[in-house]
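Thanks for coming. I will take one sheet in this structure and go through it strand by strand. Please have the viewer open.

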Amino acid sequence: MGFSLKLQYCLVSVMMLLPAVCYSQDYFVKSRATYYGSPDCLGTPSGACGFGEYGRSVNDANVAGVSRLYKNGTGCGACYQVRCTNPQICADNGVNIVVTDYGEGDNTDFILSPRAYARMARPDTGAHLFAYGVVDVEYQRIPCQYSGYKTQVKVHEHSKYPNYLAIVLLYQAGKSEILAVDIWQEDCKEWIGMRRAYGAVFDMANPPSGDISLRFQVRGSAGLTWVQAPNVIPKYWKAGVAYETEIQLY
């Protein structure tokens, strides 16, 4: 009886620990990865996250499209360490990538840019890795790091001043996820939620006039928090322009 009670206690303890472990994901998960065609080996500016040219070149073009990890756009901007598992051709550390697109493959979690896929290989084994097409990998979530950059708010190219405003966040550091974006309505003295249009793009018709203040609901190392960016977008904003905030996510 004593042994049974101890066993039950151990099982309950393990079950209670599992949610915390799974959320932090400080361990490797087994999966598969492939790559997409690109004439210059970089990312694509038309990715489903809505990053545009940033999605093509960020992180030295070590980027990927994901399916399950896309999370209806919440997964955009997340960073992962991905390494293939064949010891003959695969480098020990693999490659660190940024999620910039949605993509489904042959039971894969990652469709990597050619540059990112090549960096999983040991020296002089890249051709062998590409010959496989799809490889077994293991991955883990890691903090994004952008030396010299704070979070930026880019006015998306589809915006039409002054009647339609769409934004996307760039240089999203840490293990953070942007769950929601609110815009300050000065005449009503209240925060109004923006719509997640697609991917990492949030939009609003007839946005407030004058300088625009935003706040972001962030899930990260500090849990669920709201982070404010006062007057981050100027009164006469322009489509395609990125405005730097004082926000540094962790």
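A definition to start: two strands count as paired here if DSSP finds at least two bridges between them. By that rule, β8 and strand β12, residues 201–205, are a pair, antiparallel, with 5 bridges. One of the partnerships to look at is Ala-166 with Asp-203 in β12. Bear in mind that this is a predicted model.

Now the annotations. The unreviewed UniProt entry places "domain: Expansin-like EG45" on residues 46–149. That span is 16% helix and 28% strand, with its end C-alpha atoms 23 Å apart. The same kind of record, also unreviewed, places "domain: Expansin-like CBD" on residues 163–245. Here the chain is 0% helix and 63% strand, and the end C-alpha atoms are again 23 Å apart.

On to the sheet. In what order do its 5 strands run? The order is β11-β12-β8-β7-β15, the pairing is antiparallel, and the sheet is open. β11 (195–198) and β15 (242–244) are the edge strands; each has a single partner strand, so one side of each has no neighbour in the sheet. From one strand to the next, the twist averages 35°. As a reminder, strands of a sheet pair through backbone hydrogen bonds.

Start from β7, residues 152–155. Antiparallel to β7 runs β15, joined by 3 bridges. On the other pairing, β7 and β8 are antiparallel over 4 bridges. Lys-154 shows both pairings: its bridge partner in β15 is Ala-242, and its bridge partner in β8 is Val-168.

Next, β8 itself, residues 164–170. How many of its 7 residues are buried? The number is 6, so the strand is mostly covered, taking buried as under 20% relative accessible area.

Last, one residue in β12: Phe-202. Is Phe-202 buried or exposed? Its relative accessible area is 3%, and because the cut-off for buried is under 20%, Phe-202 counts as buried. Which residues does Phe-202 touch, leaving out those up to four places away in sequence? The list includes Leu-165, Ala-166 and Ile-167. Also among them are Ile-178, Leu-179, Ala-180 and Val-181, as well as Met-194, Arg-195, Arg-196 and Ala-197. Take Ala-166: in sequence it is 36 residues from Phe-202, while the C-alpha to C-alpha distance is 5.5 Å.

That leaves Phe-202 as a buried residue in strand β12, the strand that pairs with β8.

Conventions: Residues numbered from 1 in each chain as written. Predicted model: local features only at pLDDT ≥ 70, side-chain atom pairs only at ≥ 80, totals over all residues. Heavy atoms only, no water. UniProt positions renumbered as here; feature names shortened; annotations may be inferred. Helix = DSSP H or I, 4+ residues; strand = E, 2+ residues; numbered from the N terminus. Axes fitted to C-alpha atoms, helices over the stretch in contact; angles between N-to-C directions. Buried < 20%, exposed > 50% of the residue type's maximum accessible area, 1.4 Å probe, protein only. Contact = heavy atoms within 4.5 Å.
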